[in-house]
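Welcome, and thanks for taking a look at this one. Below is a short tour by topic, meant to be read with the viewer open.

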Amino acid sequence: MQVESRITIAVPPEKIFAIYADVSNWKRWDPDTKDSVIYGPFQTGSKGKITPPKGMAVPMDFVSVVPNTSFTVESRIPLFRMMFEHELNVTAAGTEVIHRVTFSGALSFLLGRIVGNPLRTGLPITLASLKELAESDVAQAHAAGVSQPRKTTQAST
């Protein structure tokens, strides 16, 4: 079973990837995350934990991290596995962001439905929140840069 959602965000992929790399602040843009932690750098092979709003923390393995392009984490519990894929594709309008969750294992037929149905509703909300954060941060940085007076240097003769 698989659930997927996508959105276009009017910022470069580097900006979104920097938000992804700030693992302890995923709860800022993902309402389905109560807490998240990574043990080590944001790179392939690192490990961490993620806690949903309701439920216990589950381990996550960073199985693939490609800077400014994608990252995938895997969470396993007995007889059930979830793969969370995050892709960034450059477009004329900014960056297309794709979040995909794939369920497998002996209990996927049952747990996939239990977890999958809320994800169908939640992923678009998560992506809209990510968009709002990424675009507002860019707007704030731009506004700060515009509001600062320019320094000029006059040559003396």
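## Briefing: charges, strands and cores

Glu-4 counts as partly exposed, at 35% relative accessibility. That residue is a good place to start, as Glu-4 has a salt-bridge partner in Arg-100. Please keep in mind that this is a predicted model, with a mean pLDDT of 85 for the protein chain.

**Confidence**

- Of the residues in the chain, 79% reach a pLDDT of 70 or more.
- The stretch to treat separately is residues 146–157, where the pLDDT is below 50. Beyond near neighbours in sequence, that stretch has zero contacts in the model.

**Salt bridges**

- Searching the whole structure turns up nine salt bridges.
- In the bridge between Glu-4 and Arg-100, the closest N and O atoms are 2.7 Å apart. Glu-4 belongs to strand β1 (residues 2–9) and Arg-100 to strand β7 (residues 94–104), so the pair ties together parts that are 96 residues apart in sequence.
- The Arg-100 end of that bridge is buried, with a relative accessible area of 12%, whereas Glu-4 is partly exposed.
- Arg-6 and Glu-96 also meet through their side chains in a salt bridge, at 3.0 Å from N to O. Here too β1 supplies one residue, Arg-6, and β7 the other, Glu-96, so the pair ties together parts that are 90 residues apart in sequence.
- Arg-6 counts as partly exposed, with 44% relative accessibility.
- Which residues are linked in a network of salt bridges? The members are Glu-4, Arg-6, Glu-85, Glu-87, Glu-96 and Arg-100.
- Another salt bridge joins the side chains of Glu-74 and Arg-81, with an N to O distance of 3.1 Å. Glu-74 is buried at a relative accessible area of 8%, while Arg-81 is partly exposed at 28%.

**Strand pairing**

- β5 pairs with strand β6 (residues 80–91) in the antiparallel sense, over eight bridges. In this region Val-73 stands opposite Phe-84 of β6.
- The two strands β5 and β6 form a hairpin with two residues between them. One residue to check in the turn is Leu-79, which has a positive phi of about 70°.
- β6 also pairs with β7, again in the antiparallel sense, over 11 bridges. The bridge partner of Met-83 is Thr-102 in β7.
- β6 and β7 form a hairpin as well, with two residues between them.

**Nonpolar cores**

- As background, nonpolar side chains in soluble globular proteins tend to be buried together.
- The largest nonpolar core has 24 residues. Which of them touch the most other members? They are Ile-16, Tyr-20, Trp-26, Phe-42, Phe-62 and Leu-130.
- Several elements each supply at least two residues of this core: α1 (13–21), β4 (58–66), β5 (70–77) and α2 (108–147).
- Another core, of seven residues, lies apart from it, and its members include Phe-80, Met-82, Leu-119 and Leu-123.

**Aromatic pairs**

- The count of aromatic pairs comes to nine.
- How are the rings of Phe-17 and Phe-42 arranged, edge-to-face or stacked? Their centres are 5.4 Å apart and their planes stand at 65°, so this pair is edge-to-face.
- That pair links distant parts of the chain, 25 residues apart: Phe-17 is in helix α1, and Phe-42 is in the loop between β2 (35–39) and β3 (47–51). Phe-17 and Phe-42 are both buried.
- The rings of Phe-42 and Phe-62 are edge-to-face too, because their planes are at 75°, with the ring centres 5.7 Å apart. This pair links the loop between β2 and β3, home of Phe-42, to strand β4, home of Phe-62, across 20 residues.
- Phe-42 counts as buried at 16% relative accessibility, and Phe-62 counts as buried at 1%.
- Ring pairs connect a cluster made up of Phe-17, Tyr-20, Trp-26, Trp-29, Phe-42, Phe-62 and Phe-71.

Terms used. Residues numbered from 1 in each chain as written. Predicted model: local features only at pLDDT ≥ 70, side-chain atom pairs only at ≥ 80, totals over all residues. Heavy atoms only, no water. pLDDT = per-residue confidence, 0-100. Contact = heavy atoms within 4.5 Å. Salt bridge = Lys/Arg side-chain N within 4 Å of Asp/Glu carboxyl O. Helix = DSSP H or I, 4+ residues; strand = E, 2+ residues; numbered from the N terminus. Buried < 20%, exposed > 50% of the residue type's maximum accessible area, 1.4 Å probe, protein only. Core = buried A, V, L, I, M, F, W, Y, C linked by side-chain atoms within 4.5 Å. Pairing = 2+ DSSP bridges. Phe/Tyr/Trp six-rings, centres within 6.5 Å; stacked < 30°, edge-to-face > 60°.
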